[in-house]
Amino acid sequence: GVEAETLACGTGSVASALIGYLQGQKKIEPTDGASIRVVTKSGEVLEVSFDLDLDDKGRPAITNVWLKGSGKVICKGEYYY
């Protein structure tokens, strides 16, 4: 539900990393543990790792996607019901 890029946009970082990886390959070959780093709007570097295979029609099939970066508490609160 966010309308624009956040300072460490995980969804956009993963999508960008996967597309960038695929476009940067001259030939798509199965790979386990591929990894690419993405610099976010905040300047933080996130690491996206994944496995790449080919489906029965020779198209890329990406599985086991992981996003690695720091986590920070940005606020605290209490909710009373």
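## Fold and overall shape

Read along the sequence, the pattern is α-β-β-β, with 1 helix and 3 strands in the protein (helices are DSSP runs of H or I with at least four residues, strands are E runs of at least two, numbered from the N terminus). This is a predicted model, where local features need pLDDT of at least 70 and side-chain atom pairs count only at pLDDT 80 or more, while totals for chains, interfaces and linings use all residues. Residues are numbered from 1 along each chain as its sequence is written, and side-chain values use heavy atoms, with hydrogens and water left out.

The radius of gyration is 16 Å, well over the 12 Å that the globule rule gives for 81 residues, so the protein is more spread out than a compact globule (the radius is taken over C-alpha atoms, and the rule is 2.2 Å times the number of residues to the power 0.38). The C-alpha trace spans about 55 × 30 × 25 Å along its principal axes. Of the 81 residues, 17% count as buried (under 20% relative accessible area; exposed is over 50% and partly exposed in between, with a 1.4 Å probe and protein chains only).

## The core and its ring pair

The largest nonpolar core has 9 residues: Val14, Ala17, Leu18, Tyr21, Ala34, Val38, Val48, Phe50 and Leu52 (buried Ala, Val, Leu, Ile, Met, Phe, Trp, Tyr and Cys joined through side-chain atoms within 4.5 Å). Helix 1 gives the largest share, 4 residues. Val48 has plenty to talk about: its contacts (heavy atoms within 4.5 Å) include Val14, Ala17, Leu18, Ala34 and Val38, leaving aside residues up to four places away in sequence.

A search of the whole structure turns up 1 aromatic pair (Phe, Tyr or six-membered Trp rings with centres within 6.5 Å; planes under 30 degrees apart are stacked, over 60 edge-to-face, the rest tilted). The ring centres of Tyr21 and Phe50 are 5.1 Å apart and the planes sit at 85 degrees, so the pair is edge-to-face. Tyr21 is in helix 1 (residues 10–23) and Phe50 in strand 2, 29 residues apart. Both are buried.

## The hairpin

Strand 2 (residues 45–54) and strand 3 (residues 60–68) run antiparallel, joined by 7 bridges (strands pair if DSSP finds at least two bridges between them). They form a hairpin with 5 residues in between, and Gly58 in the turn has a positive phi of about 80 degrees. Across the pairing, Val48 stands opposite Leu67.

Asn64 is the oddball to check: this strand 3 residue has a positive phi of about 50 degrees although it is not a glycine. At 48% relative accessibility, Asn64 counts as partly exposed.
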